[in-house]
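Subject: Structure for your files, with notes

Hello,

Here is the structure we spoke about. My notes on what was found in it follow below.

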Amino acid sequence: ELSELPDDRDLDVAGYRDRSYSVFAVHPGKNNLKQFNGFFQAQAIWDEIMAQTIAEYCTDHPEQRMVVIAGRGHVVKSDAIPPRVERRIGAAQAIILNSDGGELHPPEVDYLVFMPQVELPRVALMGIVMRMDTENEQIVIEKISPQSPAEKAGITTGDILLALDGELVNSVEDVKVFMMTKKVGDKLLLTVQRDRFFLDDKKIDIEMQL
């Protein structure tokens with residue numbers, strides 16, 4: 001991992017440490033200087049790696065323009081990714097930031113976008129914690145949230161998840177991608193394999209209301 005870090009990295013960009021502390025201060029342990037130093041270095045290295053990736057791409061593709069989408073703390077014009085890109089390749093940059101109504105200063109941004117507040121739809125959740133049993137290549141249901149759709153449907157810990165709506169799932173990622181197609185209120189058919197004492201394991205189809 002150390003070999004993959006940028007050789008050219010700067011932890012002393014003016015104002016960066018103070019701004020990092022304002023973010024760190026809202027987390028538990030805000031008076032722990034050692035913990036803050038680790039947080040600060042991690043944030044700086046994160047920005048340096050993103051800046052290096054941008055610089056390498058732009059250098060390899062001089063005929064193209066690059067759009068970077070990153071969290072607002074990473075695009076502050078004065079001390080985040082932009083000056084680190086500037087240090088490497090001197091590329092022309094324009095920083096566009098969505099306004100959250102807070103105070104901003106001219107050195108931080110070139111353009112502001114004012115967006116109406118939007119409430120995202122509720123996410124359909126089963127209420128389970130899964131783990132991948134890599135030895136047996138199985139998705140094991142390890143925990144069930146109280147009062148969740150999974151508990152109400154009769155899913156139990158230890159069940160092995162085989163399929164959703166008849167579609168085989170081979171990894172936790174498969175399950176997550178499948179669930180992106182579902183909405184709150186949808187019905188979902190789970191096929192699980194359940195261990196039964198003194199009997200062979202049994203495949204069960206269970207209908208769940210999300």
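Asp165 has a relative accessible area of 37%, and because buried means under 20% and exposed over 50%, Asp165 counts as partly exposed. Please keep in mind that this is a predicted model. Asp165 sits in the loop between β5 and β6 (167-168), and its phi is near 50 degrees, a positive value in a residue other than glycine. Most residues other than glycine have a negative phi. Glu137 is another residue with a positive phi, near 55 degrees. Glu137 belongs to the loop between β3 (128-133) and β4 (138-144), and at 65% relative accessibility it counts as exposed.

Asp159 is also a loop residue, placed between α4 (149-153) and β5 (160-164). Is Asp159 buried or exposed? Its relative accessibility is 1%, so it counts as buried. The side chain of Asp159 makes a polar contact with the side chain of Arg194, at 2.8 Å. Leaving out residues up to four places away in sequence, Asp159 touches Ile139, Val140 and Ile141, and also Val192, Gln193 and Arg194.

Next, helix α2. This helix runs over residues 33-60, which makes 28 residues. At 1.5 Å a residue it should span 40 Å, and the C-alpha atoms at its ends are 40 Å apart, so the expected and the computed span agree. The N-terminal end of α2 is capped by Asn32, with a side-chain oxygen 3.2 Å from the backbone nitrogen of Lys34.

The buried residues of α2 are Phe36, Phe39, Phe40, Gln43, Ala44, Asp47, Glu48, Ala51, Ile54 and Ala55. What covers them includes α1 (16-24) and α3 (81-89).

How do α1 and α2 pack, in terms of angle and axis distance? The angle is about 115 degrees and the axes are 10 Å apart. The crossing of the pair α1 and α2 is right-handed. On the α1 side, the contact is made by Tyr16, Arg17, Ser20, Tyr21, Val23 and Phe24. These meet Leu33, Gln35, Phe36, Asn37, Phe39, Phe40, Gln43, Ala44 and Asp47 in α2. By type, the residues of this contact divide into nine nonpolar, four polar and two charged.

Two glutamines of α2 may be worth a look in the viewer. Gln43 lies in helix α2 and counts as buried, because its relative accessibility of 19% falls under the 20% cut-off. Leaving aside neighbours within four places in sequence, Gln43 is in contact with Tyr16 and His74. Gln35, also found in helix α2, counts as partly exposed at 41% relative accessibility. Gln35 and Lys77 are 42 residues apart in sequence, and their C-alpha atoms are 26 Å apart in space.

The last residue on my list is Val67, in the loop between α2 and α3. Val67 has a relative accessible area of 73% and is therefore exposed. Val67 and Gln93 are 26 residues apart along the chain, and 9.8 Å separates their C-alpha atoms.

Regards

Definitions and conventions:
Residues numbered from 1 in each chain as written. Predicted model: local features only at pLDDT ≥ 70, side-chain atom pairs only at ≥ 80, totals over all residues. Heavy atoms only, no water. Helix = DSSP H or I, 4+ residues; strand = E, 2+ residues; numbered from the N terminus. Expected span 1.5 Å × (residues − 1). Buried < 20%, exposed > 50% of the residue type's maximum accessible area, 1.4 Å probe, protein only. Contact = heavy atoms within 4.5 Å. Polar contact = N/O pair within 3.5 Å; in protein donor to acceptor, adjacent residues only side chain to side chain. Axes fitted to C-alpha atoms, helices over the stretch in contact; angles between N-to-C directions. Left-handed = near helix turned anticlockwise from the far one by under 90°. Nonpolar A, V, L, I, M, F, W, Y, C, P; charged D, E, K, R; others polar.
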